[in-house]
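Visitor: Hey, got a minute to walk me through this one? I'd like to look at a few contacts and see how they fit together.

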Amino acid sequence: MDAVPALPDPADKIGEREQIVQNKKRGVVYMISYIKGELAAVEKDKAVVDVHGVGYGIYMPERSLGLLPQTGKEVKIHTYLNVREDAMQLFGFLTRDDLAIFKLLIGVSGIGPKGGLGILSQLSADDLRFAVLSGDVKAISATPGIGRKTAEKLIIELKDKLDLEDMLYHGAGEPSAAPAENLNGGVQSEAVQALVALGYGSTESLKAVKKVKLENATVEEVLKEALKHF
């Protein structure tokens with residue numbers, strides 16, 4: 001008679017979780033860099049990705065959930081594993097840039113993973129950069145659960161960690177690309193800021209400036225060409 005395989009002991013799973021928590025306390029970080037598999041379901045606040053028969057529930061910003069393909073299609077989601085004493089949660093993003101911004105957010109005192117997710121549901125990574133660099137407390141505090149004081153603290157703590165020129169390389173949710181040949185990054189940054197000051201959206205301004213291919217252009221020349229792309 002074939003032997004019946006023993007069922008997993010629940011205590012083993014509890015022990016594994018306790019070991020992970022202990023390792024975290026010792027400074028050992030367990031990382032799941034990304035999850036790649038079939039999109040099984042999209043729920044109110046998370047996506048479920050099937051990887052070889054195992055369904056991973058991944059909390060995502062609302063704006064990212066809306067960009068996912070139809071269920072049954074393959075997806076790749078960049079993830080952050082949050083380990084607590086009572087739970088392990090995966091937070092996911094469609095780009096590494098969004099993930100990097102999320103990690104900066106949860107490094108701010110008073111903002112946890114759910115708060116960071118809420119901010120990135122309200123603002124794109126680029127819009128958040130603009131809000132921080134321009135000191136726009138109102139835009140950040142529009143996020144449910146993020147008050148004025150927390151928004152002000154976020155701006156103070158992140159202002160030196162964010163650079164508008166980074167957006168020229170990784171902006172607007174597009175693949176990274178170098179600035180236009182022979183076009184100074186500082187000129188592009190000034191042009192983007194000028195367009196925002198004129199009332200154009202931050203992401204739209206960035207896209208318009210990145211389409212300008214003039215060589216050795218001045219800010220005024222870049223602005224003139226960029227305005228043609230609105």
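Visitor: Which residues do the ring pairs link into a cluster?
Guide: Tyr59, Tyr80, Phe91, Phe93 and Phe102 are linked by ring pairs. Keep in mind that this is a predicted model.

Visitor: Okay, and how many aromatic pairs does the count come to?
Guide: The count is 5 aromatic pairs. Take Phe93 and Phe102: their ring centres are 4.8 Å apart and the planes sit at 40°, so that pair is tilted.

Visitor: Are those two buried or exposed? Start with Phe93.
Guide: Phe93 is buried, at a relative accessible area of 0%. Phe102 is buried too, with 0% relative accessibility.

Visitor: What about charges over rings? What sits over Tyr59?
Guide: That's Lys114, whose charged end is over the Tyr59 ring at 4.8 Å from the centre. Tyr59 is also one of the residues in the ring cluster. Over at Tyr34, Lys76 lies over the face of the ring, 4.2 Å from its centre.

Visitor: Switching to helices. At what angle do the axes of helix 3 and helix 5 cross?
Guide: Roughly 40°, and the axes come within 10 Å. The angle falls outside the parallel, antiparallel and perpendicular ranges, so helix 3 counts as oblique to helix 5.

Visitor: Which residues make that contact?
Guide: From helix 3 you have Asp97, Asp98, Ile101 and Leu105. Helix 5 brings Ala125, Asp126, Leu128 and Arg129.

Visitor: And how does the contact split by class?
Guide: There are 4 nonpolar and 4 charged residues, with no polar ones.

Visitor: Next topic: where is Gly118?
Guide: Gly118 is in helix 4, which covers residues 113-122. Gly118 is partly exposed, because its relative accessible area is 24% and the buried class stops under 20%.

Visitor: How far apart are the C-alpha atoms of Gly118 and Pro144?
Guide: They're separated by 7.1 Å, while along the chain the two residues are 26 residues apart.

Visitor: Last one. How many residues of helix 10 are buried?
Guide: Helix 10 runs over residues 202-210, and 7 of its 9 residues are buried, so it is mostly covered.

Visitor: Which ones?
Guide: Ser202, Thr203, Ser205, Leu206, Ala208, Val209 and Lys210.

Definitions and conventions. Residues are numbered from 1 along each chain as its sequence is written. This is a predicted model: local features need pLDDT of at least 70, side-chain atom pairs count only at pLDDT 80 or more; totals for chains, interfaces and linings use all residues. Side-chain values use heavy atoms; hydrogens and water are left out. Axes are lines fitted to C-alpha atoms, for helices over the stretch in contact, and angles run from 0 to 180 degrees between N-to-C directions. Helices (H or I, at least four residues) and strands (E, at least two) are DSSP runs, numbered from the N terminus. Angles under 35 degrees count as roughly parallel, over 145 as roughly antiparallel, 65 to 115 as roughly perpendicular and the rest as oblique. Contact means heavy atoms within 4.5 Å. Ala, Val, Leu, Ile, Met, Phe, Trp, Tyr, Cys and Pro count as nonpolar, Asp, Glu, Lys and Arg as charged, and the others, Gly among them, as polar. Buried means under 20% relative accessible area, exposed over 50%, partly exposed in between (1.4 Å probe, protein chains only). Rings of Phe, Tyr and Trp (its six-membered ring) pair if their centres lie within 6.5 Å; planes under 30 degrees apart count as stacked, over 60 as edge-to-face and the rest as tilted. A charge sits over a ring if NZ of Lys or CZ of Arg is within 6 Å of the ring centre and within 35 degrees of the ring normal.
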